[in-house]
Amino acid sequence: MSFKKDFVWGAATAAYQIEGAAFTDGRKASVWDECTHHTKYIKLGATGDVACDHYNRCNEDLDIMKEVGLQAYRFSFSWPRIIPDGVGAINPKGLEFYDRLIDGLLERNITPYATLFHWDFPLELYHRGGWLNPDSSKWFEEYAAVIANRYSDRIKNWMTINEPQCFIEFGHSQGIHAPFLKLPFSQILLAAHNVLLAHGRAAKVLRDAGSSDTRIGYAPVGAITTPESEKDAELARKLTLSITEENLFLANTWWSDPMFLGQYPEDGLKLFEKHLPKFGQDDMKIIHQPLDFYGVNIYNAQRIIKSENAEVKTITDPYAPVNAFDCPLTPDVLYWASKFFYDRYQKPIIITENGMCGTDYVNRQGKVIDDHRIVYTEQYLAGLKKAAAEGIPIDGYFHWSMFDNFEWAEGYTKRFGLVHVDYHNGTRTIKESGKWYKNVIATNGEQI
Ligand code: BGP
């Protein structure tokens, strides 16, 4: 029972969360720059202006990745660093930064896995209507083409969009992430549809520019319901793959069926009927591009409970241990998620994010003792390994995150890294979990 020989072990980050240099070398603002500077929604007034200063410390960070033994590194491009106004003029300095990063990875034998968009939407385009603008998917296509032309000689593994559910739900519906909007549901569905179109257009551009070994996916969040025992497995699968309430955030199929199966799920169409925008005739053709893997970010699961009269509900387990975010720890989630998503989409699974939020600090001996992260990761990987042993094709695992970083509305109060970052002076310290992960990688997860 083991991970396959060419299993890919990696770690992930995102541009706005680590790069800093927010207004350096021609970069312009994203919605996150605007909101960190001009709203009061971010904990302790934090901004991504400096973050991990990765833009200036790129070489040091690459050496640390090598030291941890990463086989692959998942990062995202900053749209407003490459095209500062979102469309139009390209910023050569922005392109050069990613040349340095990508070449540095390849020199160290670390495979780049690139995400086109991880939430830092260009402010200029937000002022033109953002994801509600009918041209928004074409803006994204233009951006994707710039990236594809420049880097597809060196990057073979792509994710178009990270967690569309979150930036649409949190950013446009609940108003707890940039751009902090609370739009009506019909507009949420329209923005979501435009995001799906953007994915489709970008996937085509990447495919056309790439060689035959190009692999394309995306990185949705996985909202999973897990069973207490095998006997409820079918029920849990159904709940994970159906739309049972007006909560787009939890509707895996609403986001992934169009991309992978070429249609919106029937149950969603029925449930959302009154709010549906008018879709273009060829939209589904644009959205439904060939994809190579099902990437998914997974942190925790909901549990099924049944009342005495057999009524079924899903809940957050009130007795589960929690992380520093107060989110439950549910180690079997990678097992069930891999099964359910493979079952539906028949594509190899890549866990594009999974990790543990802690409150880590450096001790007097200069170490970061984060046993909680080791225990967490070990337990979650055991579930993944079990799924692999049952024959589910699982191609890779990316730990979130390589470095402590700017955790969106939580500012710097939440730490997810395998590497500790002292934000006062930029000092990096490989945590005990980073050293442990190095051994996991070196043995292809043998000890799990
Ligand atoms: C993911 C984001 C990451 C990071 C992570 C934290 O959804 O892609 O950027 O913010 O979440 O995890 P969570 O907030 O689910 O604990």
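Start by selecting β6 and β8 (residues 301-306): these two strands pair in the parallel sense over 3 bridges. Strands here are DSSP runs of E, at least two residues long, and helices are runs of H or I of at least four, both numbered from the N terminus; two strands pair if DSSP finds at least two bridges between them. Show T225 and you'll find Q302 of β8 opposite. This is a predicted model, where local features need pLDDT of at least 70, side-chain atom pairs count only at pLDDT 80 or more, and totals for chains, interfaces and linings use all residues. Residues are numbered from 1 along each chain as its sequence is written.

Now add β9 to get an open sheet of 3 strands, in the order β6-β8-β9 with mixed pairing. Its edge strands are β6 (224-226) and β9 (312-315), each pairing on one side only.

Next, pick helix α10 (residues 233-240), which lies across β6, β8 and β9 and runs at about 170° to β6. Angles run from 0 to 180 degrees between N-to-C directions, with axes fitted to C-alpha atoms, for helices over the stretch in contact; contact means heavy atoms within 4.5 Å.

Last stop: select F170, F249, Y299, N300 and C327, the closest to the centre of the largest pocket among its 37 lining residues. On a 1 Å grid over the protein atoms alone, a pocket is an open set of points where a 1.4 Å probe fits, with protein on both sides within 12 Å along at least five of seven lines; lining residues have an atom within 4 Å of a point. Colour α8 (164-173), β8 and α15 (371-389), since each supplies at least two residues of that lining.

Technical notes:
Heavy atoms only, no water.
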